[in-house]
Amino acid sequence: TIYFALITLLYMIFLWLLVLIVSIFVLVKSSDYLTFYSVEVGTILKVPRFIIGATAVAVGTSLPEIITSLIAIFEEANLTEFVASTVVGSNIANIGLVFGISSFISYEAIFKKKLISIDIPLFFIATALFVLTTMDGVFTFKEAILLLLAYVVFITYSLKQNPTQKKADPKIPSKKLDYKPFIWIAGSAVGIYFGAEYTIQSLLK
């Protein structure tokens, strides 16, 4: 009986570990497809590149964390700490892994003046806002509104600092918009939802 229970336990651990791996893969790939086809739609519609980057790319690449966090909160009310951990962990990974590995492979990274004088200070301001609003251990609805407004201010300020990016690039060739990108976007959204759902379920199990 003990051996049977042990085998059953190991089987369940292996099964949910497999579900976790597959769910993360589906979550990441769905996010990639959603971002890619959203950018394609924006490009065909002659949306400025900065707007595409600040919305479709920025939000699309963050969707796995956003949806996973929302599902975690709806599944278990006491998993709100998981949201903060996701935010901190993803930012550390972006800086330490993504930027570190890419700079290591290319041997050096060259920054534009705008990144050093505007973007990096804004990054520190956003980080400071996050620290100040969470250091008491409670993140309120008003503080959430504050951070959302800060994101809107960032986009608005960036547009004013880059007036040439408000217009679409005339060099981009015209392309007819069909239904294919929208099917991929809808399918990717479904993939993100179920990927996030089963990621949380496997972690809870």
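These are my notebook entries on what I looked up in this predicted model.

**Ground rules**

I number residues from 1 along each chain as its sequence is written, and side-chain values use heavy atoms, with hydrogens and water left out. Since the model is predicted, local features need pLDDT of at least 70 and side-chain atom pairs count only at pLDDT 80 or more, while totals for chains, interfaces and linings use all residues.

**Entry 1: the chain as a whole**

I looked up the secondary structure and found six helices and zero strands in the protein chain. Helices (H or I, at least four residues) and strands (E, at least two) are DSSP runs, numbered from the N terminus. The order from the N terminus is α-α-α-α-α-α.

I then looked up burial. Buried means under 20% relative accessible area, exposed over 50%, and partly exposed in between (1.4 Å probe, protein chains only). Of the 205 residues, 23% count as buried. The chain exposes about 14600 Å², of which carbon and sulfur atoms supply 74%. Accessible areas come from the Shrake-Rupley method with a 1.4 Å probe, and for residues only the protein chains shown count as cover.

For contacts, the cut-off is heavy atoms within 4.5 Å. Among contacts with a separation of 6 or more, 76% join residues 24 or more positions apart.

**Entry 2: lengths of α1 and α6**

I checked two helices against their expected span, which is 1.5 Å times one less than the number of residues. α1 has 43 residues and should span 63 Å; its end C-alpha atoms are 63 Å apart, so the two agree. α6 has 25 residues and reaches 36 Å from its first C-alpha to its last, close to the 36 Å expected. Just after α1, Lys46 takes a positive phi of about 65 degrees.

**Entry 3: the largest nonpolar core**

Which residues make up the largest nonpolar core? I list eight: Leu27, Leu34, Leu63, Ile71, Ala72, Ile192, Ala196 and Ile200. Helices α1 (2–44), α2 (49–75) and α6 (180–204) each supply at least two residues of this core. A nonpolar core is a set of buried Ala, Val, Leu, Ile, Met, Phe, Trp, Tyr and Cys residues joined through side-chain atoms within 4.5 Å. In soluble globular proteins, nonpolar side chains tend to be buried together.

I followed Ile71, which is found in helix α2. Ile71 is buried, with a relative accessible area of 7%. Leaving aside neighbours within four places in sequence, Ile71 is in contact with Tyr193, Ala196, Glu197 and Ile200. Ile71 and Tyr198 are 127 residues apart in sequence, yet their C-alpha atoms are 9.8 Å apart.

From the other side, Ala196 touches Leu27, Ile67, Thr68 and Ile71, not counting residues up to four places away. The buried residues of α6 include Pro181, Ser188, Gly191, Gly195 and Glu197.

**Entry 4: Ser23 and Thr43 in α1**

Is Ser23, a residue of helix α1, buried or exposed? Ser23 counts as buried, at 6% relative accessibility. Beyond four places in sequence, Ser23 touches Gly195, Tyr198 and Thr199. Its side chain reaches the backbone oxygen of Val19 at 2.6 Å. This is a polar contact, a pair of N or O atoms within 3.5 Å; within protein, one must be able to donate a hydrogen and the other to accept it, and residues adjacent in sequence count only if both atoms are side-chain atoms.

Thr43 is also placed in helix α1. Thr43 is partly exposed, at 26% relative accessible area. A polar atom of the Thr43 side chain lies 2.8 Å from the backbone oxygen of Val39. The C-alpha atoms of Thr43 and Leu177 are separated by 9.9 Å, with their positions 134 residues apart along the chain.

**Entry 5: aromatic pairs**

Rings of Phe, Tyr and Trp (its six-membered ring) pair if their centres lie within 6.5 Å; planes under 30 degrees apart count as stacked, over 60 as edge-to-face and the rest as tilted. By this rule I get five aromatic pairs. Phe36 and Tyr37 are edge-to-face, at 5.0 Å centre to centre and 90 degrees between the planes. Tyr37 and Trp184 have ring centres 5.3 Å apart and planes at 10 degrees, so this pair is stacked. The stacked pair links distant parts of the chain, with Tyr37 in α1 and Trp184 in α6, 147 residues apart.

Tyr37 is buried, at 10%, whereas Trp184 is partly exposed, at 36%. Tyr33, Phe36, Tyr37 and Trp184 form one aromatic cluster.
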